[in-house]
Amino acid sequence: MSKYIGSSAVNLSTTSADVTGNADIDGNLTVGGNLTVSGTTITVDHATAQTVDLGDGDKIRLGDGNDLQIYHNGSHSYITDAGTGDLKILGQNVEIGALSGELNFKGVSAGASTVYYNNAPKLATTSTGVDITGTLTSDGLTVDGSGTV
């Protein structure tokens, strides 16, 4: 059994230890095997994890009202924002694409936003407007201003 004698700790040498009530540790706790926590709440001020494995349907929930959730339901993956305000994905350059590396969308900080088809740019914003590569098919066309068609 581990006990303090004065200010020195005495190590336990046992295969199991059962604690009823609270166990306060004023140093590091190293677990060499699995750690099972039975309860509904774990409070951690700061954590570093190499991997977090969650099963299908298990969710990472953020916000007081679980406003932001990230999960996989067994068939599809979701990022769900049910809170107030916008869901903002921020970065110097933001890309959305396929696992194969093909781009679907790229937004460049203070620059162009481009929509791709089969990894080829098709619609791109420019400093003067929009460039379309390929054929534009539309149900209608309205031209404002003095532009000509």
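This briefing describes one antiparallel sheet and a residue within it, Thr-114. The model is predicted. Strands S6, S7, S8, S9 and S10 make up an open sheet, arranged in the order S6-S7-S8-S9-S10 with antiparallel pairing. Thr-114 belongs to strand S8, which spans residues 113-117.

**Sheet layout**
- The sheet is open and consists of five strands.
- Strand S6 (93-97) and strand S10 (130-132) occupy the edges; each has a single partner strand, so one side of each lacks a neighbour in the sheet.
- From one strand to the next, the twist averages 15°.

**Strands S6 and S7**
- Strand S7 covers residues 103-108 and pairs with S6 in the antiparallel sense through five bridges.
- Within this part of the sheet, Val-94 has Gly-107 in S7 as its bridge partner.
- S6 and S7 form a hairpin, with five residues lying between the two strands.
- Gly-101, located in the turn of that hairpin, has a positive phi of about 105°.

**Strands S9 and S10**
- Strand S9 (residues 120-125) runs antiparallel to S10 and is joined to S10 by three bridges.
- The bridge partner of Ala-124 is Asp-131, in S10.

**Thr-114 and its surroundings**
- Thr-114 is buried, because its relative accessible area of 10% falls under the 20% cut-off for that class.
- Beyond the neighbours within four places in sequence, Thr-114 is in contact with Asn-104, Phe-105 and Lys-106, as well as with Pro-121, Leu-123 and Ala-124.
- Ala-124 thus appears in two roles: a contact of Thr-114 and the bridge partner of Asp-131.

Methods:
Residues are numbered from 1 along each chain as its sequence is written. This is a predicted model: local features need pLDDT of at least 70, side-chain atom pairs count only at pLDDT 80 or more; totals for chains, interfaces and linings use all residues. Side-chain values use heavy atoms; hydrogens and water are left out. Helices (H or I, at least four residues) and strands (E, at least two) are DSSP runs, numbered from the N terminus. Buried means under 20% relative accessible area, exposed over 50%, partly exposed in between (1.4 Å probe, protein chains only). Contact means heavy atoms within 4.5 Å. Two strands pair if DSSP finds at least two bridges between them. Axes are lines fitted to C-alpha atoms, for helices over the stretch in contact, and angles run from 0 to 180 degrees between N-to-C directions.
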